[in-house]
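The following dialogue is written for a reader meeting a protein model for the first time. Each turn takes up one feature and shows how to read it.

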Amino acid sequence: MAIQQRAERTRQEILSAAARVFDGLGYERASLARIAGTARVTTGALVFHFATKAELATAVRGRARAVTRTAVESACLSTEGVGGTSIDKLVLTTHALIRLFETDHAARAGERLARELGGTGHPPSGECPWRREVARLARYAAAEQALRPGVDATAVAALIGYVITGVELEMRSPGTAADDGTWPPAGNGAILGPAEERLRRIWELILPGLVHPAARRPRGTGAIVKTIATTTFPAPAPAATATPAAPSAQEPGTSPVAP
């Protein structure tokens, strides 16, 4: 049992290291040797758990789906007690995602790997929890007659997906902030300010074109951002993994476990 627990702990440490490396370097530039070094295990210990880089990338994407699913579900639940509309939930979900992308390597790595390995630039909505939730909320907004006449829910979901991806990509851009912490001067085509502030300003621009004039207006992005700031989202549990069978030999790259 002690050997199995140690093996599982090593597996999770390798996954965390792989998320950091994939997030920073992308799939092609990442190497198993670099990931092993980041995890502080031998390459032998790494391949004991993940035989190939492709297998490791699949596991990281699975962890990314788990943490983003937790984030979007928590964001939607946080509005249930205050009568939040689908539009409220859409805005709140996008802000929760940006907060996640700012702090979680696995979430960011999942987005980058999806772009690099997904073929079309992003995974199908059915494979991406946050895209699936955005599409669902857009359909609910249409059913609530909260969208302007002629505004298609599918197009709304696509637009929000582009916004989230764009803000997440901009986080990666070098020189987003100057060395002294100030933001770049106006005129470079970027919205100034931290990621959530940029997202708030984008929502202020697009909401009037989406929301039906007769529908109950959303609480406003300022109020929603305040809700986010005072909401503690539960930390996502590590992605469920099958407990490895007790190996016939000691796990490579590890020291013996004391009896």
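**Reading the model, feature by feature**

Q: What does the accessible surface of the chain come to, and what share of it belongs to carbon and sulfur atoms?

A: The accessible surface of the chain comes to about 13,100 Å², and 56% of this belongs to carbon and sulfur atoms. The model is a predicted one. Of the chain's 259 residues, 46% count as buried.

Q: How many helices and how many strands does the chain have?

A: The chain has 10 helices and zero strands. Read along the sequence, its pattern is α-α-α-α-α-α-α-α-α-α.

Q: Among contacts between residues at least 6 apart in sequence, what share joins residues at least 24 apart?

A: Of such contacts in the chain, 72% join residues at least 24 apart in sequence. One pair of residues that can be located in the model is glycine 62 and glutamate 127: they are 65 residues apart along the chain, and their C-alpha atoms are separated by 9.8 Å. Glycine 62 has its place in helix 4 and is partly exposed, with a relative accessible area of 23%.

Q: Which residues of helix 2 are buried, and where do they lie around the helix?

A: Helix 2 covers residues 32–39, and its residues Leu32, Ile35, Ala36 and Ala39 are buried. Seen down the axis of helix 2, these buried residues fall within an arc of 100 degrees, so they line one face of the helix. They pack against helix 1 (2–29), helix 3 (43–49) and helix 4 (53–77).

Q: How should a nonpolar core be read, and which residues have the most contacts inside the largest one?

A: The general idea is that in soluble globular proteins, nonpolar side chains tend to be buried together. In this model the largest nonpolar core has 36 residues, and those with the most contacts inside it are Ile87, Trp130 and Trp203. At least two residues of this core come from each of helix 4, helix 5 (86–103), helix 7 (129–143), helix 8 (153–172) and helix 9 (195–210). There is also a second, separate core of 25 residues, which includes Ala36, Ala39, Val41 and Ala45. Ala36 and Ala39 have already appeared among the buried residues of helix 2.

Q: How many aromatic pairs does the structure hold?

A: The structure holds one aromatic pair. The rings are those of phenylalanine 22 and tyrosine 27: their centres are 5.9 Å apart and their planes are at 15 degrees, so the pair is stacked. Both phenylalanine 22 and tyrosine 27 are buried.

Q: Is aspartate 23 buried or exposed, and which residues does it touch?

A: Aspartate 23 lies in helix 1. It counts as buried because its relative accessibility is 7%, and the cut-off for buried is under 20%. Leaving aside residues up to four places away in sequence, aspartate 23 touches His105, Arg108, Ala109, Arg112 and Arg172.

Q: Where does arginine 108 lie, and is it buried or exposed?

A: Arginine 108 lies in helix 6, which covers residues 105–117. At 14% relative accessibility, this arginine counts as buried. With residues up to four places away in sequence again set aside, arginine 108 touches Asp23, Phe101, Glu102, Thr103, Glu168 and Arg172.

Q: How is a positive phi to be read, and where is arginine 40?

A: Most residues other than glycine have a negative phi, and most peptide bonds are trans. Arginine 40, in the loop between helix 2 and helix 3, has a positive phi near 60 degrees. It counts as exposed, at 81% relative accessibility. Glutamine 145 also has a positive phi, of about 60 degrees, although it is not a glycine. Glutamine 145 is found in the loop between helix 7 and helix 8 and counts as exposed, at 63% relative accessibility.

Q: What is a disulfide, and how many does the count come to?

A: A disulfide is a covalent bond between the sulfur atoms of two cysteines. Here the count comes to zero disulfides. Cysteine 76 is buried, with a relative accessible area of 7%, and cysteine 128 is buried, with a relative accessible area of 4%.

Notes. Residues are numbered from 1 along each chain as its sequence is written. This is a predicted model: local features need pLDDT of at least 70, side-chain atom pairs count only at pLDDT 80 or more; totals for chains, interfaces and linings use all residues. Side-chain values use heavy atoms; hydrogens and water are left out. Helices (H or I, at least four residues) and strands (E, at least two) are DSSP runs, numbered from the N terminus. Buried means under 20% relative accessible area, exposed over 50%, partly exposed in between (1.4 Å probe, protein chains only). Contact means heavy atoms within 4.5 Å. The arc is that of the directions from the helix axis to the C-beta atoms. Accessible areas come from the Shrake-Rupley method with a 1.4 Å probe; for residues, only the protein chains shown count as cover. A disulfide is a pair of cysteine sulfur atoms within 2.5 Å. A nonpolar core is a set of buried Ala, Val, Leu, Ile, Met, Phe, Trp, Tyr and Cys residues joined through side-chain atoms within 4.5 Å. Rings of Phe, Tyr and Trp (its six-membered ring) pair if their centres lie within 6.5 Å; planes under 30 degrees apart count as stacked, over 60 as edge-to-face and the rest as tilted.
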